[in-house]
Amino acid sequence: MKTQLLQFNDTDLALSGELIRNGKLVAFPTETVYGLGANALDVAAVKSTYAAKGRPGDNPLIVHVYCKQQIYDIAAEVSMAAEKIIDNLMPASITVVLPKRNIVDGCITAGLDTVAIRMPSSAQAREFLSACNVPVTAPSANISGRPSPTTWRRVKEDLDGRISAILCGDACKVGIESTVLDLSGGTPLVLRPGVVTPNQIEEILGMPVTVVTDPKSKVNSPGVRYKHYAPKVPMALDLSGDTQKLTAYYDGLVKQGYNPVLLVERPEKFGSRNAVCIGGNDYEVAQRLFENLRVLESRYDYIVASFSSTTAYAQSILNRLIRSAANNII
Ligand code: TXA
Ligand code: MG
C-alpha cells in the first residue's frame, strides 16, 4: 500500500475526512502524540487498526470527538462527575471512560461495556476530526510497543506502507499521551497519568480520585499491561540524579564494550562522555521524551536515563520512563 502524505490545506483535509469515511486509516496530529485514525462506526476499519500496529486485540481504543454532542452519542450515561470534566476541562489532554452505547462495537472496547472518549485540544486534531464528521478511534500511531510518535516523520518510520495516509501537521506540544480517567464506577480512577494531574481533577470534581498504577491490578486500564515505549537498545533508569553513580554506571558499560549515552538533566557535568539533555523542566522533558529515545537508539547501543523531578507532572513522565526501561532501575 502507498501511504499518502497529506498537508494541512482545505483540499487535503477534505480528502483525509473522505478516506476515514471510506474505511481507511489516516494518521493525524494531536497535542499529545500522533494518532492512527479510523471511523469508529466502521468495524472493519477499526479492526484494521490492530493489524497495522500489531496491537493485541484485548487493548481497547480511545474514541476521538471534536464536539460535546458526540460524547452523548457514544456514552450511555454521562454522570454528574463526567459533566463537570466535560464542561470545565474539555477539550484537553484527558480521556474519560464512561458506560458505552450499543453503537460502539466491542472491537473498540475489547469487549468491555465502557468506552474511552477524548476531545483533543490541538486545533489541527480538531480540524481533522471535524473534516471526518464521524467519531474516530485512534491509538498512538506507532508499531505496538515502540515509543509513541510526536512528529509525522516518526509515524512514517513505523507505519509507511501499512496505512492510507499521514496528515503531516505540527510536532506534538505535550509529548506524552492523555490522562485516562475512569468515571464509569463510584470512585474516579486515574488509569494512566498524563499532563492533566489528579489534583486538577480533584479540584473540578470536589472529591478524591484514586491513581491506579499497579500494572497487575484488575481495575487497571488494559493497555498498561503491555510492553511499552521501548527503544531498540537496552535502557537503564536512575531516579537519584547522582552524578558519581551515573558516571560509574556509564564507565562500567564502556568497559563491557558498549557505546552508551546518558540522557540527563545536566549533561555538562559528565565531561567528554556521551550525554544529552533530557529537558530543562518537566514540560520539556515530556515533550522531547519519545523523540529523544528514537534519536538515541539510532546512535548508541545503551541508554542511561536520569530523572529526579518530583512534581505532580513528573509522575506521568516517570510512568513512561519506567516502562521504556522495562523496569531496569539502577
Ligand atoms: O493522548 C492519547 O490518548 C493518544 C492520542 C492519539 O489521542 N492516544 C492513545 O491511545 O494514547 P492508545 O491506544 O495508545 O492508549 C489508549 C489507552 C490504553 O491504555 C487503553 O487500555 C485505554 O486507553 N483504554 C481504552 N479504552 C478503555 C476502556 N474502556 N477502559 C479502560 N481503559 C481503556
Ligand atoms: Mg499507545
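The following exchange goes through the strands, helices and some single residues of a predicted model.

Colleague: In what order do the eleven strands of the open sheet stand?

Modeller: The pairing in this sheet is mixed, and the sheet is an open one. Its edge strands are β1 (4-6) and β11 (210-211), each of which pairs on one side only. Read across the sheet, the order is β1-β8-β2-β3-β7-β4-β6-β5-β9-β10-β11.

Colleague: Which residues of β9 and β6 stand opposite valine 96?

Modeller: Strand β5 (residues 94-99) pairs with strand β9 (residues 179-182) in the parallel sense over four bridges, whereas five bridges join β5 to strand β6 (residues 114-118) and these two run antiparallel. Valine 96 therefore has a partner to name in each of these strands, since strands of a sheet pair through backbone hydrogen bonds, either parallel or antiparallel. In β9 the residue opposite valine 96 is leucine 181, and in β6 its bridge partner is isoleucine 117.

Colleague: Is β5 largely enclosed by the rest of the structure or open, and how many of its residues are buried?

Modeller: A residue is counted as buried when its relative accessible area is under 20%. Strand β5 is largely enclosed by the rest of the structure, because the number of its residues that are buried is six of six.

Colleague: How is β2 joined to β3, and which residue of β3 is the bridge partner of alanine 27?

Modeller: A hairpin of six residues leads from β2 to β3. Strand β2 (residues 26-28) and strand β3 (residues 35-39) run antiparallel and are joined by three bridges. Within β3, the bridge partner of alanine 27 is leucine 36.

Colleague: Which residues of β3 point the other way from Gly35, Gly37 and Asn39?

Modeller: In a regular strand the side chains alternate between the two faces of the sheet. Five of the five residues of β3 are buried, so this strand is largely enclosed by the rest of the structure. Gly35, Gly37 and Asn39 point one way, and those that point the other way are Leu36 and Ala38.

Colleague: Which residue of β7 is the bridge partner of asparagine 39?

Modeller: Strands β3 and β7 run antiparallel and are joined by two bridges. Helix α2 (residues 43-53) lies across β3 and β7 (136-137), and α2 runs at about 150° to β3. The bridge partner of asparagine 39 in β7 is valine 136.

Colleague: At what angle do the axes of α1 and α6 cross, and is the crossing right-handed or left-handed?

Modeller: The axes of helix α1 (residues 10-21) and helix α6 (residues 123-132) come within 7 Å and cross at roughly 55°. That angle makes α1 oblique to α6. The handedness of the crossing of α1 and α6 is right-handed.

Colleague: Which residues of α6 are met by α1?

Modeller: From α1, the residues in this contact are Leu13, Ser16, Gly17, Ile20 and Arg21. By class, the contact of α1 with α6 has five nonpolar, two polar and two charged residues. On the side of α6, the residues met are Glu127, Phe128, Ala131 and Cys132.

Colleague: Is threonine 150 buried or exposed, and what is in contact with it?

Modeller: Threonine 150 lies in the loop between β7 and α7, and its relative accessible area of 4% makes it buried. Leaving aside neighbours within four places in sequence, the residues in contact with threonine 150 are Thr32, Val33, Tyr34, Ala171, Cys172, Gly175 and Glu291.

Colleague: What distance separates the C-alpha atoms of asparagine 59 and isoleucine 108?

Modeller: Asparagine 59 is placed in the loop between α2 and β4 (62-64), where it counts as buried at 7% relative accessibility. Asparagine 59 and isoleucine 108 are 49 residues apart along the chain, and the separation of their C-alpha atoms is 8.7 Å.

Colleague: Which residue does a cis peptide bond join to proline 91?

Modeller: Proline 91 has its place in the loop between α4 (80-88) and β5. Omega of the cis peptide bond is about 0°, and the residue joined to proline 91 is methionine 90.

Colleague: Where are tyrosine 229 and asparagine 327 found, and what is the phi of each?

Modeller: Tyrosine 229 lies in the loop between β11 and β12 (235-238) and is buried, with a relative accessible area of 3%. Asparagine 327 is found in the segment after α11 (312-324) and counts as exposed at 55% relative accessibility. Neither is a glycine, yet phi is positive in both: for tyrosine 229 it is about 55°, and for asparagine 327 it is near 70°.

How values were computed. Residues are numbered from 1 along each chain as its sequence is written. Chains are lettered from A and ligands numbered from 1 in the order in which they are written. This is a predicted model: local features need pLDDT of at least 70, side-chain atom pairs count only at pLDDT 80 or more; totals for chains, interfaces and linings use all residues. Side-chain values use heavy atoms; hydrogens and water are left out. Axes are lines fitted to C-alpha atoms, for helices over the stretch in contact, and angles run from 0 to 180 degrees between N-to-C directions. Angles under 35 degrees count as roughly parallel, over 145 as roughly antiparallel, 65 to 115 as roughly perpendicular and the rest as oblique. A crossing is left-handed if the near helix is turned anticlockwise from the far one by less than a right angle, and right-handed if clockwise. Contact means heavy atoms within 4.5 Å. Ala, Val, Leu, Ile, Met, Phe, Trp, Tyr, Cys and Pro count as nonpolar, Asp, Glu, Lys and Arg as charged, and the others, Gly among them, as polar. Buried means under 20% relative accessible area, exposed over 50%, partly exposed in between (1.4 Å probe, protein chains only). Two strands pair if DSSP finds at least two bridges between them.
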